[in-house]
Every structure is written in C-alpha cells, then in structure tokens.
Amino acid sequence: MGDSLLTVEGLRKAYPGVVANDDVSFSVKPGEVHALLGENGAGKSTLVKMIYGLVRPDAGRMTFEGVPYEPSSPHEARGTGVAMVFQHFSLFEALNVAENVALGMENPPKQRQLSRQIREVSETYGLPLDPDRLVGDLSAGERQRVEIIRCLLQDPKLLIMDEPTSVLTPQEVEILFETLNKLRAEGTALLYISHKLEEIRALCDSATILRLGKVVGTCDPRASSARQMAEMMVGQELHTPSREMKEPGEIVLDLAALSVKSANPFGTSLKNVTLQVRAGEVLGIGGVAGNGQDELLAALSGETPAPSDAVKLNGQEIGHLGPNARRALGLLAAPEERLGHAAAPDMSLTENALLTGAIREDMVSNGFLNWGKARSFAESIIREFDVRTPGPGNAARALSGGNLQKFVIGREILQRPVALVVNQPTWGVDASAAAQIRQALLDLAAAGCAVICISQDLDELMEISDRFAALNEGRLSAPKPAKGLTVDEIGLMMGGAHDLEVAHV
Amino acid sequence: MDLSSINPLVLIASLMVASTPILLAAIGELVVEKSGVLNLGVEGMMIVGAICGFAVAVESGSPALGFIGAALGGAALSMLFGILTQYFLSNQVATGLALTLFGLGLSALIGQGYIGIKPPATGDVNFGPLADLPVLGTILFRHDLMVYISLGLIAGVWAFLKYSRAGLILRAVGESHDAAHALGYNVRTVRLMAIGFGGACAGLGGAYLSLIRVPQWTEGMTAGAGWIALAIVVFASWRPWRVLVGAYLFGGVTVLQLNLQAAGLDVPVQYLSMSPYIITILVLVIISSNRGRASLAAPAALGRVFHASS
C-alpha cells in the first residue's frame, strides 16, 4: 500500500477496566471513502479520536502520507490535513456561524473575510448558510453544514465523519452524499462512521468492521448485503421484530389542536398538534431533531401543562394534570435523554424503578416507601428485559447506554400502561438490544396499549408503526398508514430538504 | 431639611469614586463567569486585596505599589479557588463560599497591626486646564488614576470579548467546555487565566476601598460589596457596559442617600441605607426581564464541572 494516505497499524488504547481498541490496523487511500462499522462500544469513536489527536494511543503506529504521524492535539491534526465532523456537534449555540467556524480553524481570517469565504464555500457545495446567524437558531441539518464547512475551509486531505446522517431528512442525506462524492472526486479521503448500513453500501468503497475494540473483518460494502454486515458487527444472527396484524380498538389518546410554548429559548413550540391513537396501535412520529419532539413528549407526559381539553385519555380531559396524575391514569412516558431525564444517573436502579413506578406499582403507603416492593420491581425489570448489570443496587450511570435504555423502557412497560409515549427508544443502542426494545413495544401494542414512538430512525419507525406522522417546526403532519410509504413521501412530510440545493461546480 | 446643600456636580463626581470598587470587582467576575466558572469568593478576594494593598502601600509608602500588591494578593487567593475547582473538581459554589470566609479571616489576621493607620495619599491625575472646565472639569477630570483604569478595563474587556480571538475562545469555553475541548482548546488553562484576572480585579477593588475611598483599614470593610458585584454581573446579563451602568447606579444611589441623610430627609435612616441595594436590583431586573434573547448572554456552561475524560 505505497500510495495510502493514512495507515494505522496495531493501534491500542485501554481505559481503566476496558480495552477500547486493540491491535487495530487499516489504511485509507486518497479519494477513498472508507467506512468504520461497529456497534456502540465497539471502539469506533475512540479510534477516530486518536486519529484526530484528542486521545493518545497506548501502542501502535500511524503514518500520514508516508510520514510517521503522532498528533498530540487536534491543532496538530488539523495542521497535517485531518478534519473531523463530530457525532455530537462541537458547536456553540450562543455564538454565530462565523464565530463557530473560526473556532475550528488554525489561522482564521478576519471576520468579514471569513464570512465571505463561508458564503462562497457554502454556495459551491450546495450547503447554503448565513454566517451571521446564531447556531442556536439553526436546524440540526444546518448545524451539520456549519461543521462540514468548518472542515472544508481548511482543505482537508482526510475528513472524518462520525454518524453524520443520524439527524438528517432523506433528502438532506442525498445532498450530503453529493457533497461527499464531490469531495471524493477532488481527492479527499473520507473516514465514515455510521450505523446505517444502506448508506454505507451507497457511499463507501471499503469498510473495516470493529467488534469489542478489535478488527473482525473488512468487506466491500457494494458487494455485501446489509444483513451480512450487520451480522459481522454483532457476531450473531439478527432477529427482525415480528408482529401480528389486528384491528385497532377504541381511541385511547386524543390530542386536539394542542399548542404549547417551548420552555427552552432555542426550542420549538408546538403548533396545533392534533392526533389520535387507538388501543393496540403504534403511531410513529418522525422528523428531524429539534422540530418539537422534546416538547411533544413533555406535553404528553405532563411536564408541560396544556389546556385541559387539549389532551384526552379515554375521553377524560387530562391536559391540566401533572406527570404523577397522568401516570396514575395510565399515560406513561420514557423521554429521550437517558441520564438526567429518564433516569437519575447517581441513584441505584431500585431508586430509579421507584421514581416512576411508585404510583402504579403501589410502593407508597401513608407517605412511606416500600423498598422491598421497589427492589423486586427493579429485579423483575432486569430479568424480563435482560438488563446486564450485577444487581438492582448499581447506579444507573454504571450501565451502558443500551442496558440502561432497556431498563428505562422496561420500567414503563411493566407498569401496564394504557398509553405509552417513547422518544428515541433505541438511540445509541446496539442492534440486538434495539431489536429487543422494538419487539417489546410491539408486544405491548398487541396487548392493547396505545403506543406513540417518536424517533429519528426512519427504518425503526417503518418497522414498528401502523401509522406514521412527522413533526416539522412544531407542526404535526396528518398521519398516514405506514405500510407502503415511500422515502420521498416521508421526506416531504418531514419538511423536505430545508432549502438545500445540489452542489453545482 | 436643606436639599440645597447637595451639589449635583460633586454628587456625580463622588458617585464615580463610590462605584469604582464594585465596578472593578464586577468586571473581573464577568470575565470569570464568561469562561463558565462561578466564583462566589469575590467578597473574600476583595477584602484580601484591601489589606494586601493597604499593607504594601503603608510599608513602601507608594500607593501604586499598594495597588499592584492588592492585585497580586487577590489573584493568589483566586488561584486557590482555581486549583481546587479546576484540578480537584470541587464544587464551585461551596468553594467560592469557603473562599469568602477564608478571605475575611485571613485579612483580619494580616490586618492586626494596621488598624488606625493612615495610608499614603493617592493623588489625582493632573489634566491641567481640562480640570478647570466648568461642569465637565469637576465631573470628569479631577479623579485618581484608578477611576480611569476601571473605565478603561470595562472598554478593554468589552473589546476583548467582542473582537479578539482569545475573547472568542474564552466565550466558547464558557458556552460549551466539551465542544471546546473537542476542538483542542485547553479548557483548564483558559479558565485558570480568567479566574486569576477576576481575582486581580477584585483585589484592586478592595484596595480602592482601603487606600482611597475610606481610606483606612477596618476588619470586614468591604461590607458586602463583593456580593453586590456578583449580583450586578448577573443582572447586567454578562455585558460589560451594563455592568458599568449597574455599578454607577449603585454608587450613585449610595452617595445620594448619604447626602439625603446629611440633609436631614424625614425618612428613617434604615430605608435610605437599603435603597441602593433595592434600586440597583430592581432596575437591573427590569433591564434583563426580556427573557428569550437576554438569557442567551448567560454562559451555558456556568458552574458546571469540566472533566476531560468524556
């Protein structure tokens, strides 16, 4: 491989108690799009952090353009020609676009000149962006453009992208791919991390698959099926959730023209949201992040009060009730943020089980807590949802994302909800745990519960929903039967491409 | 009651003097908070600055050396806070409160031998003929150097935060330390420098009290000025020029109510004494009441502990 741009050989990084990367080797050629595949915790992020100079490897060598490459900081990596688009955006909400771009550059020009450059580059690559806007006011797709343009302005030789499409609409993904293909044609190498195997098949030239920190294989994504790649990632066969079709029952949850102002200055207020969910039905709600998902969950769970007649559960007006009163009636919710919202990170699983289960599982009498019941409730969640943890006395923080998610969802399901609202139930969860959670939601619906699943993962929504609706700037589209919906239709429901245009150079 | 005894020109001139200690402490704390650190030890750093400045000035006979000593003393104490919160990841609120208590005690100890002594006098800046201008001369051109330095600091901090790259990095660190770290900025160093600057400014503010405003040393002489400085930073929405307005408002009402007391206004003294606090906070609350945009000025990472592992 004399002509490779970046070569990684025998890279190893260990953290106390866990080996994040062990003997990882691969190489990337100029103009190649190389995919890194793996489940959560497979060590992909640690690997790219080492390449970007954020983490120092314990052992192993890297060469860049044939020269030994040991970046000790991102500054050095950027100086060498490596740029990175982060999974969790490394952006500053209260600063404007130009300031954000300047922070990611080594020698930024004066603000006015930089603004002009941003306009030029964004026009060239079909990613329109106003340099003077606050990043906090931008949509997720626009924020990603900021990150990409920040990288492009430095003419990188290698661009690392960590899960870039997880927050984009299908149309936006298409346009991103055109931009990336253009970069490839210019000779820029791409290191592309994603869960979405179909995307990798469409975009990438080669793939390295990681499991538990080790390289378990390489493949040509164009010649392999998504299922083959998934099974290489997981190391076992995958079960696709199954369901039996049946007629939905009575209307359980009924929102009538619900409008709620967002509590967050950067949030999206809900406007005139109307929806009905019947018993035994799963309503999937898609949409790009930041279009009112958090607000909708808060309005349903009771965290944000609404006019009493705007929310009805089995015909009863509950808009004015708080979360505990709604729980007592059987409307349960599992929010997106696991640590800090769905679970208290430093409290034990028993305590966390008690926090939402106290009312419906009857763990309180005369103001005193029944710890025995709480503990056995926590144990039953751990048992039935296969939560991998030493015991219910462990702190929620100590669980991996997937395990904690199983616990959080299981905790609500075991309370026999009349209606359940979940937001991003499988976000950051590995494929096998995600399949389990989806199956549990389907089983719950089959048992007659009304389920609302808010998610950004369209494949997930198509897999489990009976009907599909999309949130766009706080408005909910009219729900349509999920079966037979095309990607284009979904994209239009989600608000289209948000004024994106195709690259024109 | 004789209101005619109050000369408005002298009143304005003296409000600038009365406000300077708070102004200095507040602009320092503004920089600290913009970097995402909440240092509640302003009062402690002020009083340590007051005694350090006083002692150095008395021993050396030079007020200028006194102010330098005060800045160093305040900065040294702030480094204690900086090391505890940035390296040992202690809770910022608790550490800041401890710093205030520690500073009050330490200053009393150092100040044992300095009670009842007069410090060397600080002269006013000589503007020559400008000082003889009608009206403006009295208000603007007959002050000591520190008044002008404090105004210069406000302008300097404003320009630093708005136009310089270092200022942008400081704001970025205060906005999201994780993102700043991911981009390769040294969050800890930036914050330590901000904390040191805040300490030096608070020390200068304290020394201004003991060397010019009062001028003598008494235990606990800052009497809550540090807390007012903290409140002014928050209600000024972390904007330097609003800090100036808030500090001068507080100083102005303080001077005015003293004059009213002297003039024998028929209002219980207690009400007059509390009026600066109430009026300052009321006005600043009204200014910053426009939520939405105003809350954007608050550094999003304020008071959160940063650890590079994540």
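Is Arg116(A) buried, exposed or partly exposed? In this predicted model, the answer is the middle ground: Arg116(A) has a relative accessibility of 49%, so it counts as partly exposed. That value sits just under the cut-off, because a residue has to be over 50% to be called exposed. Its salt-bridge partner, Glu120(A), comes out as partly exposed too, with 45% relative accessibility. The closest N and O atoms of Glu120(A) and Arg116(A) are 3.7 Å apart. Both residues belong to helix α4 of chain A, which covers residues 111-124. They are four residues apart there, or about one turn of the helix.

That pair is one of 24 salt bridges found over all chains. Others reach further along the sequence. Take Glu361(A) and Arg416(A), whose side chains meet in a salt bridge at 3.2 Å, N to O. Here the two partners come from distant parts of the chain, 55 residues apart. Glu361(A) is in the loop between α11 (349-357) and β17 (364-365) of chain A, while Arg416(A) is in the loop between α13 (401-413) and β19 (419-423) of chain A. Arg416(A) has a relative accessible area of 51%, so it makes it over the line and counts as exposed.

Next comes the salt bridge between Lys406(A) and Asp386(A), with an N to O distance of 4.0 Å. Lys406(A) is part of helix α13 of chain A, and Asp386(A) is in the loop between α12 (371-384) and α13, so this pair ties together parts that are 20 residues apart in sequence. The two ends have their own surroundings: Lys406(A) is buried, with a relative accessible area of just 5%, whereas Asp386(A) is partly exposed at 30%. Salt bridges can also join up into a network, and Arg12(A), Asp22(A) and Lys214(A) are linked in this way.

What about the nonpolar side chains? In soluble globular proteins, they tend to be buried together. In this model, the largest nonpolar core has 164 residues. Ile51(A) and Leu158(A) are the residues with the most contacts inside that core. Setting aside neighbours within four places in sequence, Leu158(A) touches residues from several stretches of chain A, including Leu5(A), Leu6(A), Val28(A), Ile51(A) and Phe64(A). Its list of contacts also includes Gly81(A), Val82(A) and Ala83(A), along with Thr188(A), Ala189(A), Leu190(A) and Leu191(A). Apart from this core lies another one, made of 51 residues. Phe407(A), Leu414(A), Val429(A) and Val451(A) are among its members.

Two single residues give a closer look at what being buried involves. The first topic is Val273(A), which is found in strand β12 of chain A, residues 270-278. Its relative accessibility is 0%, so Val273(A) counts as buried. Beyond its neighbours within four places in sequence, Val273(A) is in contact with Leu255(A), Ala256(A), Ala257(A) and Leu258(A), as well as Leu296(A), Gly474(A) and Leu476(A). Between the C-alpha atoms of Val273(A) and Gln293(A), which are 20 residues apart along the chain, the distance is 12 Å.

Over in chain B, Ser275(B) has its place in helix α12, residues 269-287. With a relative accessible area of 14%, Ser275(B) is buried as well, because the limit for that label is under 20%. The side chain of Ser275(B) reaches the backbone oxygen of Leu272(B) at 2.5 Å. Leaving out neighbours within four places in sequence, Ser275(B) is in contact with Val253(B) and Gln257(B).

Finally, how do the two chains meet? The contact takes 25 residues from chain A and 19 residues from chain B. Together the chains bury about 1,700 Å², with 65% of that on carbon and sulfur atoms. Seven residue pairs are in polar contact between chain B and chain A, and one salt bridge crosses the interface. That salt bridge brings together the side chains of Arg171(B) and Glu99(A), at 3.0 Å from N to O. On the side of chain B that touches chain A, the elements giving two or more residues are α7 (165-175), α8 (177-182) and α13 (293-296) of chain B. Of these, α7(B) gives the most, with six residues. By type, the residues on this side of chain B split into nine nonpolar, six polar and four charged.

Terms used
Residues numbered from 1 in each chain as written. Chains lettered and ligands numbered in written order. Predicted model: local features only at pLDDT ≥ 70, side-chain atom pairs only at ≥ 80, totals over all residues. Heavy atoms only, no water. Contact = heavy atoms within 4.5 Å. Buried area = accessible area lost by both parts, 1.4 Å probe. Polar contact = N/O pair within 3.5 Å; in protein donor to acceptor, adjacent residues only side chain to side chain. Nonpolar A, V, L, I, M, F, W, Y, C, P; charged D, E, K, R; others polar. Core = buried A, V, L, I, M, F, W, Y, C linked by side-chain atoms within 4.5 Å. Buried < 20%, exposed > 50% of the residue type's maximum accessible area, 1.4 Å probe, protein only.
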